[in-house]
Amino acid sequence: MAADDVTRIRIGLVRLTDMAPAFVAEAKGFFAAERVEASLSIEPSWANIADKLTFRALDAAVMLPPLAFAVAMGLRGAGTPLIVPLSISQNGNGFTVSRLLADAIGADTGDVMAVGRRLAGITAGRGARLRFAVVHAYSSHDLLLRYWLAACGIDPVESVELVVVPPVDMVAALEAGEIDGFCAGAPWGAVATQQGVGRTILVSSAIWQDHPEKCFGVTADWAERHPDGLQAVLRALLRAQHYCDDPANAEDVAELLSSPDRLGVPAALRASLPGAEADGGVDLSRFAGSASVPRLEHAAWFLDQMARWGRFGTEVDRTALARAVYRPDLYEQATGEEIAPLAGPERFCAGA
């Protein structure tokens, strides 16, 4: 392979199960088969991802859709134009609370609205606000948790305190009593349960069934310089998504992710991968099929919710912004298939 035939790209990741397609594409040679030399950089937090994209220390990242918009808009640092030509995963987050709070809420977590009403009663009777952590202010976790709290009659601004903690630090913060609960992706809810620190009372797919979770964000200038290279990267990631979505590969994926230089938490990884037995405390991630489609409808939901909670003002043209960042045309080019319309309305826990 000639050096000038190789596409080089620096991709940022954090220690989460739904980073799997990028790790698999590297480990299984899917990048190499497309003449892509991908440098995977594991970062300690989403803030690091945002900063490195802004200052071009990264070319791309597996990231949170709201964070992609925040970086593109300059809401997070100086900002830099980003595009999202691929979604990476659906579902996969959990709301895990301390053992004390879990006992007060009760054991039955099947009815998410009933859980919310019990939590509303607890918050109303307290002298101080409960403190819940999310992984970043511009995250699906923040927006989904706010949506559910509001639907259950809990004001996410006045009735509770929402703080930011990096995913890898969530369990320690809960154990230390610094927070009463956290909303984070796998495997951290399962780690908290296994360590006896807390219990997951809600999974994110119960708030919005099959919600988009992680996306592949690329700096617009890198994409413009490497149009063919971008298509090669997308093909490799799509192949890896299909690999990760096959239950027959789950043990292999879990073993690959569990190495110390990746996630380093082998006992908790398998539970959230496709094919695992359903568990009310763990939300299974999906990677292929509809999970890979960067839909403008999903971009619109994220932007609507960001505006709802005051992340930006009415002067922002949300429709234009969604079309500038989300690029389903590039996805269609990589797959050779036209994106099919949604089969029906999105399914939420309740109106909010």
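**Exercise 1.** Leaving aside its neighbours within four places in sequence, which residues is Ser272 in contact with? Locate Ser272 in the predicted model, and decide whether Ser272 is buried or exposed.

*Solution.* Begin with the position along the chain: Ser272 sits in the loop that lies between helix H13 (266-269) and helix H14 (296-308). Next, list the contacts, which, once neighbours within four places in sequence are set aside, are Thr17, Ala186, Val282, Asp283, Leu284 and Ser285. Finally, turn to the accessibility: buried means under 20% relative accessible area, and Ser272, with a relative accessibility of 1%, therefore counts as buried.

**Exercise 2.** Work out which element carries the chain from strand S6 to strand S7, and how the two strands are paired.

*Solution.* Start with the pairing, in which strand S6 (residues 130-134) and strand S7 (residues 160-164) run parallel and are joined by five bridges. As one example of a paired residue, Phe132 has Leu162 in S7 as its bridge partner. Then follow the chain from S6, which passes through helix H7 (residues 140-151) before it reaches S7, giving a right-handed β-α-β crossover.

**Exercise 3.** Describe the largest nonpolar core, and then examine the surroundings of Phe95.

*Solution.* The general background is that nonpolar side chains tend to be buried together in soluble globular proteins. Here the largest nonpolar core has 121 residues, and those with the most contacts inside it are Trp46, Phe95, Leu119, Trp148, Phe182 and Phe216. The element that gives the most to this core is helix H11 (residues 227-245), with ten residues. Looking then at Phe95, and not counting residues up to four places away in sequence, we find that Phe95 touches several residues, among them Leu119, Phe132, Trp148, Phe182 and Cys183.

**Exercise 4.** Explain why Cys152 forms no bond with the closest cysteine sulfur, and compare the case of Cys183.

*Solution.* Recall that a disulfide is a covalent bond between the sulfur atoms of two cysteines. The cut-off needed for this step is that the two sulfur atoms lie within 2.5 Å. For Cys152, the closest cysteine sulfur belongs to Cys349 and is 6.3 Å away, which is too far for a bond. Cys183 is likewise in no disulfide, its nearest cysteine sulfur, again that of Cys349, being 12 Å away. The structure as a whole holds zero disulfides. As a last step, consider the accessibility of both residues: Cys152 is buried, with a relative accessible area of 10%, and Cys183 is also buried, with a relative accessible area of 7%.

Notes:
Residues are numbered from 1 along each chain as its sequence is written. This is a predicted model: local features need pLDDT of at least 70, side-chain atom pairs count only at pLDDT 80 or more; totals for chains, interfaces and linings use all residues. Side-chain values use heavy atoms; hydrogens and water are left out. Two strands pair if DSSP finds at least two bridges between them. Helices (H or I, at least four residues) and strands (E, at least two) are DSSP runs, numbered from the N terminus. A crossover is right-handed if, with the strands pointing away from the viewer, the path from the first strand over the helix to the second runs clockwise. A nonpolar core is a set of buried Ala, Val, Leu, Ile, Met, Phe, Trp, Tyr and Cys residues joined through side-chain atoms within 4.5 Å. Buried means under 20% relative accessible area, exposed over 50%, partly exposed in between (1.4 Å probe, protein chains only). Contact means heavy atoms within 4.5 Å.
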